[in-house]
Amino acid sequence: MVTLAQARAAGLSKHSVSRNVRSGRWRRCSRGVYFADDRPFSDAARVRAAVWGYGDRAAASGLAAAWWHGLTRFAPAVVVEVTVPRDSNGRIHEGSVVRRRDVAALDVEVVRGLRVTTESLTVLEAAVRRRDGAKLLDSALQGGFELNDLWRVHLRNKGRHGSSKARLLLQGAEDGARSEAERLLVRLLRRAALTGWRTNHPVGGYEVDVAFVDAKVVIEVDGFAFHSDQEAFQNDRTRQNRIALLGWQVLRFTWLDLTEYPERVLATIRVAIRA
């Protein structure tokens, strides 16, 4: 991919650029943006073309930025999200969706020659674009992103598309329950007005997901993002047995329990804490 400005900076005249286009060596993707048509038009080329087509103040955002940063495995299949300043104008190019807003300079960076939203802002925006976006946030938090940093980025960019959903995800993460399954449980407990529980409570040298301390009831949840390999499975059972030997009742719920049978989950918990 090359822009007209880049071509001119490399010493090519406008006439040379036009000649390359007429000869078929270069493909015109949009005004001032060209692809050297001697190779496959890759996902990376498609994303560059979409962003560069909106000028030098545009930046990849959302799922396009997530893929560019390596936060997701696959590039957006059809539409590339591009963020441009609020005062930008011009027609929308096919294969892209435009978000018009002013982004602070510290929330945009250049990665491999392309302007993209920073990883922190990208995590927040991509998380609300995907059905499994909470999993993306989980992975980010477990991979070294700091919740306070994500909050600061969110507050700097309030009012953006999906901002309210991102706020709910961040609020869920504040409970200390980092997996989406744990956050689902916390939301269920709050909606049911159950009290007396703590997240990440120490019991017998372990941190349990949720503990009703007075009732000595521990709740462990199996989220879709974690506890998936055989070693982790065995370790979970070992710690469950040790906690039970200390006089705690241990309840385990799966992702399916929490999403498909929430009332059954709550009924089981109520019986346990009243026993």
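Me: What makes β1, β3 and β2 an open sheet in this predicted model?
Reply: The three strands have the order β1-β3-β2, with antiparallel pairing. β1 (2–3) and β2 (26–30) stand at the edges, each with a single partner strand, so one side of each has no neighbour in the sheet.

Me: How do you know that β2 and β3 pair?
Reply: Pairing needs at least two bridges between two strands. Four bridges join β2 to β3 (residues 33–36), so they count as a pair. In one of these strands, β3, phenylalanine 35 is the bridge partner of arginine 27.

Me: Which helix lies across β1, β2 and β3?
Reply: α3 does, running at about 160° to β3.

Me: Why are α5 and α6 called roughly antiparallel?
Reply: The axes of α5 (residues 119–127) and α6 (residues 133–142) cross at roughly 155°. Angles over 145 degrees count as roughly antiparallel, so the pair earns that name. The axes also come within 8 Å.

Me: Which residues make that contact, and of what class are they?
Reply: α5 gives Val123, Ala126 and Ala127. α6 gives Gly133, Ala134, Leu136, Leu137 and Ala140. Seven are nonpolar, one is polar and none is charged. Gly counts as polar, so Gly133 is the polar one.

Me: What lines the largest pocket?
Reply: The pocket has a volume of about 410 Å³. Of its 18 lining residues, Arg31, Val33, Trp52, Gly55 and Asp56 are the closest to its centre. α1 (4–9), α3 (43–52) and β8 (114–117) each give two or more residues. The largest share, three residues, comes from α1. By class, the lining has eight nonpolar, seven polar and three charged residues.

Conventions
Residues are numbered from 1 along each chain as its sequence is written. This is a predicted model: local features need pLDDT of at least 70, side-chain atom pairs count only at pLDDT 80 or more; totals for chains, interfaces and linings use all residues. Side-chain values use heavy atoms; hydrogens and water are left out. On a 1 Å grid over the protein atoms alone, a cavity is a set of points where a 1.4 Å probe fits but cannot get out, and a pocket is an open set with protein on both sides within 12 Å along at least five of seven lines; lining residues have an atom within 4 Å of a point. Grid points are joined across faces, edges and corners, and a volume is the space filled by probe spheres set on the points. Axes are lines fitted to C-alpha atoms, for helices over the stretch in contact, and angles run from 0 to 180 degrees between N-to-C directions. Angles under 35 degrees count as roughly parallel, over 145 as roughly antiparallel, 65 to 115 as roughly perpendicular and the rest as oblique. Contact means heavy atoms within 4.5 Å.
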